[in-house]
Amino acid sequence: MHPLMVLKYVKRKAYKLNFNKIIEKLDILIRQAEFEKVTNELLKLKEQNIPRRHISQLANIARRGQNNDFALEILNPIIRPQTPLESPANIKEMAEYGASLTRAGVLNESINILESLDHSNNPEVLLYRCINHFQIWEYEKAIPLLHKYLDSSILSDYQALVGKVNLVSSYMFLGKGSEIKLVLDEIINEASLRGHNLLYSIILQLSAQDKILNEQFDLAKSDLTESEKALKGSQHISAFYLKKWQAILNLLKSKGDKNSVIQIKKIQHEAGLLKNWETIRECDFYLSYIHRNDELFNQVYLGTPYVQYRKRVSEIYKPNFQIPTSIKWTMNNPHSNNSYEYELDVNKGKLTSQVSGMKVGQVMHKSLFLLTRDFYKPIQVGELFSQLFQDDHFNPTTSPERVFKAIGRLRNWLKENNIPIKILRTKGEYRLSGGGNCCLIISTEEKNLDRFDLQITELFKEFSYLPFTVADACKVLGLASRTTSRLIKKAMENNNIEKNGKGKATKYKFRKNIV
């Protein structure tokens, strides 16, 4: 899209629109959780001339109103113009673009944009940076940013309250009991006095979570009852979270009786319909916890790619066994260790029966790797793009097509090798399906997507500290001699590998205690 097209839709209609009133109306609809109405109103605006001064506000509305693609489409020509604009992107436009990239799963680019912005007069930048950390469960890193955000003198009372709610969530994940109580009591009273019913309900749910973790079940029930009153039949997602915590409370209080398990399963089914994958993960964890189901705990632990999440659930569950370092995964039974006709080793990018397969670390292999990182959550197009094409900026028009082509190559490879696994695409997300008599062998130690690191790891697994030639490495990696030589040269520069001999007698081996 040409950079000026955003500002030149249909000029003859523009004068009829009062964008301030439109934005105010849309904001009210979002607070009422009327997202379908928000979508319809935004669709009408696609045919209008949107004044530049309103674009960041509308992007904010679109992102919050479940129309993130709209936000990216109107901001991208300003942030990434094909030709220089007379007025470059301002901080608010860049901040909103960064937040929209986060929602699309494009974290690396979002982080680079948001960290470059001056937050002194735009404290929302700090909050958006926190959300990037929340996405990958890095609550420890979010806390200093939240303190900076709350120190801002230009926050409204409501913005400050939102910041404190996020601070409590961070403390809770990290198990910081004394800090939780200090902030929680303050914000419960403040939200109640100011009549912020939705926020009050959310805070009460946080309070209930804290009490559930401390086995104060009756007090937790009281908080959830009060939260339900505050929601007053609202259709906001918080109403679903309320049901989730009521179900988890009943599960733990009843020590996992039959009725409470049925209730949890219903919540998981509803979560699937809502695409609320984290709820399914969380319910599985609590089921494993109350029944001491080690297999299910392994599924949660090994099927989650986030180090901090793994650490937290491990602290709560306290496993008395050695968590395996590799597993055989199928879509229907993630923790299975049965034998299968086809066993596809994800790290090596080949069937165990094959001598060679995909080129390790290249786009097709990385696509497979990304699709198997999380057992619960499909991967967004934006996240796939940002990991497959790390040096390129995301473009809402062209990037999804590049991802589609990359996934197409992987689909063809699976078909050519008679592997009964399908890659499904739904509304901007991809996931694996099927499996049949095939499993995926996944190493739980290797979660790094850097091509160089993957290839070096693969060589070390094959040769350990034994000497090898360039030709030997070529066979393992399935790469050309020149490409393999460049890889080995880089490893030598990094002091991973040392060289012995000259000419045809040249051999390489890994340095001790390096890999």
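Axes here are lines fitted to C-alpha atoms, for helices over the stretch in contact, and the angles between their N-to-C directions run from 0 to 180 degrees. The exercises below concern a predicted model.

**Exercise 1. Describe how helix H10 and helix H11 pack, giving the axis distance, the crossing angle, the handedness and the residues that meet.**

Solution. Two packed helices are described by the angle between their axes and the distance between the axes. Step one is therefore to take both values: the axes of H10 (residues 157-174) and H11 (residues 177-194) come within 10 Å, and they cross at roughly 145 degrees. Step two is the handedness, and the crossing of H10 and H11 is left-handed.

Step three is to list the two faces. From H10 come Asp 157, Leu 161, Lys 164, Val 165, Leu 167, Val 168, Tyr 171 and Met 172; these meet Glu 179, Ile 180, Val 183, Leu 184, Glu 186, Ile 187, Glu 190, Ala 191 and Arg 194 in H11. Sorted by class, the contact of H10 with H11 has 11 nonpolar and 6 charged residues, with no polar ones.

Step four turns to the charged side chains, where a network of salt bridges links Asp 157, Lys 164, Glu 186, Glu 190 and Arg 194.

**Exercise 2. Is Met 172 buried or exposed, and which residues is it in contact with beyond its neighbours within four places in sequence?**

Solution. Met 172 belongs to helix H10. Its relative accessibility is 5%, and because buried means under 20%, Met 172 counts as buried. Once the neighbours within four places in sequence are left aside, Met 172 is in contact with Ile 180, Leu 206, Gln 209, Asp 210, Leu 213 and Arg 312. As a further distance to locate in the model, the C-alpha atoms of Met 172 and Tyr 139 are separated by 9.4 Å, the two residues being 33 residues apart along the chain.

**Exercise 3. Place Asp 223 in the fold, and find the side chain with which its own side chain makes a polar contact.**

Solution. Asp 223 sits in helix H13 (residues 217-231), and with a relative accessibility of 12% it counts as buried. Leaving aside neighbours within four places in sequence, the contacts of Asp 223 are Leu 204, Ser 207, Ala 208 and Lys 211. Among these, Ser 207 is the residue whose side chain makes a polar contact with the side chain of Asp 223, at 2.7 Å.

**Exercise 4. How many salt bridges does the count come to, and where do the partners of the pairs Arg 63 with Glu 96, Asp 392 with Arg 402, and Lys 509 with Glu 498 lie?**

Solution. The count comes to 27 salt bridges, and the three pairs may be taken in turn.

- In the salt bridge of Arg 63 with Glu 96, the closest N and O atoms are 3.2 Å apart. The pair links distant parts of the chain, with Arg 63 in helix H4 (residues 52-64) and Glu 96 in helix H6 (residues 91-104), 33 residues apart. Both Arg 63 and Glu 96 are buried.
- Asp 392 and Arg 402 meet in a salt bridge at 2.9 Å, N to O. Asp 392 lies in the loop between helix H20 (381-388) and helix H21 (399-416), whereas Arg 402 lies in helix H21, 10 residues apart. Asp 392 counts as partly exposed at 34% relative accessibility, and Arg 402 likewise counts as partly exposed at 34%.
- For Lys 509 and Glu 498, the closest N and O atoms of the salt bridge are 4.0 Å apart. Lys 509 is in strand S9 (residues 507-510) and Glu 498 in strand S8 (residues 497-500), 11 residues apart. Lys 509 is partly exposed at 28% relative accessibility, and Glu 498 is partly exposed with a relative accessible area of 24%.

**Exercise 5. Where do Gln 66 and Glu 215 lie, and what are their phi values?**

Solution. The background is that most residues other than glycine have a negative phi. Gln 66, although not a glycine, has a positive phi of about 65 degrees; it lies in the loop between H4 and helix H5 (68-79). Glu 215 has a positive phi near 60 degrees, and it is found in the loop between helix H12 (197-213) and H13. To classify their accessibility, the cut-off for exposed is over 50%, so Gln 66 at 57% relative accessibility counts as exposed, and so does Glu 215 at 55%.

Key. Residues are numbered from 1 along each chain as its sequence is written. This is a predicted model: local features need pLDDT of at least 70, side-chain atom pairs count only at pLDDT 80 or more; totals for chains, interfaces and linings use all residues. Side-chain values use heavy atoms; hydrogens and water are left out. Helices (H or I, at least four residues) and strands (E, at least two) are DSSP runs, numbered from the N terminus. Buried means under 20% relative accessible area, exposed over 50%, partly exposed in between (1.4 Å probe, protein chains only). A polar contact is a pair of N or O atoms within 3.5 Å; within protein, one must be able to donate a hydrogen and the other to accept it, and residues adjacent in sequence count only if both atoms are side-chain atoms. Contact means heavy atoms within 4.5 Å. A crossing is left-handed if the near helix is turned anticlockwise from the far one by less than a right angle, and right-handed if clockwise. Ala, Val, Leu, Ile, Met, Phe, Trp, Tyr, Cys and Pro count as nonpolar, Asp, Glu, Lys and Arg as charged, and the others, Gly among them, as polar.
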